[in-house]
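Reader: Could you take me through this one? I would like to begin with the chains and then turn to particular parts.
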Amino acid sequence: MFVLICGCGRVGSTVAKTMLSEGHQVSVLDEDPEAIALLERGETRSWEDMGGQFTVGTALESDALVEAGIERADAFIASTDGDNTNLVIAQIAQRRYGVSRVVVRVLDPARSDWYAAQGLMTVCPTKTAIELLEVAVREESSA
Amino acid sequence: MYVLIVGAGKVGWNLARELIEKKNEVTLIEADQRRYQTVEEELEHAVQYGDGSELWVLERAGIERADMVIAVTGDDEDNILICQVAREKYGVERVISRCNNPRNLQHFELLGIKPVVSATDLILRLIEHEVPKYGLVHLLDLPTERLEIIEIEVSPGSAADGQMVKDLGLPDGSLVISILRDGTGFVPLADSVVEAGDEVLLVLDTGLEEKITQRFGANGAP
């Protein structure tokens, strides 16, 4: 599987490394050329030597998406630090480039829910944190 | 009319001011606190502080009863999102968006957001109008319908110079709709003669400009 990940922060870079180690082809796009350091942290080889691809560019620019390989991507992960950017590029990946599996990170639960209802596969870390915290507090109080 | 404007930059602020003057009800939303305070001194309760791409902020501003939503922030992804939820979630019938980077116009189009106003694009068109390339000016582009209306000047000695409209040898998919001469215009008949210096208006399928230019332009084939 060819996976394109837009946004190489803590989440994007970790998912990228996991996918690569599982034998998938992984391409990462980020506007910050220094972001590649997160992919190489704790590694002896460079990201490219490990077989990964890294492109510097803005995810809203079609040229950057094409250079990063969106046209042959089987999966697309939108994990930049902007909810709106993620929601827009995910729809571009889905509608313009026909990527079959598109996953979007959305921090705002309200936007996450609405776009999920519109057919986007959204992941909302805020909601997950809330649920886990509530469960943890209940367990504590019942102990 | 109730108008919701997101983004109190120069465009948003002035739009709000003009629309209020024209007796519309307006709410302006601004995410930057300092900017909000500046604008609030003049517009008072007509401006609200918050991130206009958050649904609760839009709801607090009454998006459900808005007749029109105008997204004029400096970020195209925000403008796209705001217009998309305005139309598709809240059923606002009329949205207008600003596009800051003309390269993003394709994204607005893909997601069905229109009309879109791009200052860069407008100025580029004005430049084209003032300094026409090959004497050809785009008057109207209908990209979805793949049609355009252009204006082109007839060069002396071009293939078209001195020809009747029916003998112009225009490609299929193009039609002369008007000739402008000496400050007046007329709708030509098949036997109207085209003269050097005329400005000819044509409707044509997208992609035919080059063939048209060959007939009317200075270096046109005989």
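Author: We will go through the two chains, their contact, the cores and one helix; please note that this is a predicted model.

Reader: Good. How many helices and strands are there in chain A?
Author: Chain A has six helices and six strands. Along the sequence they follow the pattern β-α-β-α-β-α-β-α-β-α-β-α.

Reader: What box do its C-alpha atoms fill?
Author: Taken along the principal axes, the box for the C-alpha atoms of chain A is roughly 50 × 40 × 25 Å. Of the 143 residues in chain A, 39% count as buried.

Reader: And chain B, how many helices and strands there?
Author: Chain B contains seven helices and eleven strands. The C-alpha atoms of chain B fill a box of roughly 65 × 30 × 25 Å along the principal axes, and 32% of the 222 residues count as buried.

Reader: What is the radius of gyration of chain B, against that of a compact globule?
Author: Chain B has 23 Å, whereas a compact globule of 222 residues would have a radius of gyration near 17 Å.

Reader: Which domains does the assignment give for chain B?
Author: The domain assignment gives domain 1, residues 2-120, and domain 2, residues 132-216. Taken over C-alpha atoms, the centres of these two domains of chain B are separated by 40 Å.

Reader: What about long-range contacts in chain B?
Author: Among contacts in chain B with a separation of 6 or more, 54% are between residues 24 or more positions apart. For chain A, 49% of the contacts between residues at least 6 apart in sequence join residues at least 24 apart.

Reader: Let us turn to the contact between the chains. How many residues does each give?
Author: Chain B gives 17 residues and chain A gives 16 residues. On the side of chain B that touches chain A, the elements giving two or more residues are α3 (55-60), α4 (76-88) and α5 (105-110) of chain B.

Reader: Which of these gives the most?
Author: That is α4(B), with six residues. By class, the side of chain B that touches chain A has seven nonpolar, four polar and six charged residues.

Reader: Now the largest nonpolar core. Which residues touch the most other members?
Author: The core has 70 residues, and those touching the most other members are A:Leu4, A:Ile5, A:Phe76, A:Ile89, B:Ile5, B:Leu28 and B:Val69.

Reader: What does B:Ile5 touch?
Author: Leaving out residues up to four places away in sequence, B:Ile5 touches B:Gly12, B:Leu15, B:Ala16, B:Val26, B:Leu28, B:Ile70 and B:Val72. There is also a second, separate core of 13 residues, which includes B:Val176, B:Val194, B:Leu201 and B:Ile212.

Reader: On to helix α7 of chain B: which residues are buried?
Author: In α7(B), residues 209-216, the buried residues are B:Ile212, B:Thr213, B:Arg215 and B:Phe216. Seen down the helix axis, the buried residues of α7(B) fall within an arc of 160 degrees, so they line one face of the helix.

Reader: And what covers them?
Author: The cover includes β7 (136-142), β8 (147-153), β9 (174-181) and β11 (199-205) of chain B.

Reader: One last residue: is B:Lys10 buried or exposed?
Author: B:Lys10 is exposed, because only 9 other C-beta atoms lie within 10 Å, and the cut-off for exposed is 12 or fewer. B:Lys10 lies in helix α1, residues 10-21, of chain B. Between the C-alpha atoms of B:Lys10 and B:Gly157, 147 residues apart along the chain, the separation is 50 Å.

Note on methods
Residues numbered from 1 in each chain as written. Chains lettered and ligands numbered in written order. Predicted model: local features only at pLDDT ≥ 70, side-chain atom pairs only at ≥ 80, totals over all residues. Buried ≥ 20, exposed ≤ 12 C-beta atoms within 10 Å, placed from the backbone. Helix = DSSP H or I, 4+ residues; strand = E, 2+ residues; numbered from the N terminus. Arc of directions from axis to C-beta. Contact = placed C-beta atoms within 7 Å. Nonpolar A, V, L, I, M, F, W, Y, C, P; charged D, E, K, R; others polar. Domains from an automatic or database assignment. Core = buried A, V, L, I, M, F, W, Y, C linked by C-beta atoms within 7 Å. Rg over C-alpha atoms; globule rule 2.2 N^0.38 Å.
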